[in-house]
Amino acid sequence: MAGDEGALAGSARLVLLDGVALLRPDEQVFEAMLEGWRNQGPARNFARSTVQARERQVRAFQAHAATFPWEWTA
């Protein structure tokens, strides 16, 4: 994507397309966020099983809370 040279690795900006309207923005941003985390795992020397286990935990908590991470509070 043009203009993403300064984007941090794992950023949802690197996964979502600029100028494209999202049909289900919360779900799509959540999936992009998780994809970014998956992409960061190998760079941090995490085993694939570690990345998958952490993703399962986040998905399970999101389902339990019935809200997305940016809505979570203490």
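This dialogue walks through the salt bridges of a predicted model.

Reader: How many salt bridges does a search of the whole structure find?

Author: The general idea is a side-chain nitrogen of Lys or Arg within 4 Å of a carboxyl oxygen of Asp or Glu. Here, the search of the whole structure returns 4.

Reader: Which residue meets Arg24 in a salt bridge?

Author: Glu27 does, at 2.8 Å from N to O. Arg24 is partly exposed, at 47% relative accessible area. Glu27 is also partly exposed, at 40%.

Reader: Where do the partners Glu31 and Arg59 lie?

Author: Look first at the contact: their side chains form a salt bridge of 2.8 Å, N to O. The pair links distant parts of the chain. Glu31 sits in helix H1, residues 25-43, and Arg59 in helix H2, residues 48-65. They are 28 residues apart. Glu31 is partly exposed at 34%, and Arg59 is partly exposed at 29%.

Reader: What about Glu55: buried or exposed?

Author: Apply the cut-off: buried means under 20% relative accessible area. Glu55 has 14%, so the residue counts as buried. Its salt-bridge partner is Arg38, with the closest N and O atoms 2.9 Å apart. This pair also joins distant parts of the chain: Glu55 in helix H2, Arg38 in helix H1, 17 residues apart. Arg38 is partly exposed, at 32% relative accessibility.

Reader: Which residues do salt bridges that share partners join into one network?

Author: Read a network through its shared partners. Here the members are Glu31, Arg38, Glu55 and Arg59.

How values were computed
Residues numbered from 1 in each chain as written. Predicted model: local features only at pLDDT ≥ 70, side-chain atom pairs only at ≥ 80, totals over all residues. Heavy atoms only, no water. Buried < 20%, exposed > 50% of the residue type's maximum accessible area, 1.4 Å probe, protein only. Helix = DSSP H or I, 4+ residues; strand = E, 2+ residues; numbered from the N terminus.
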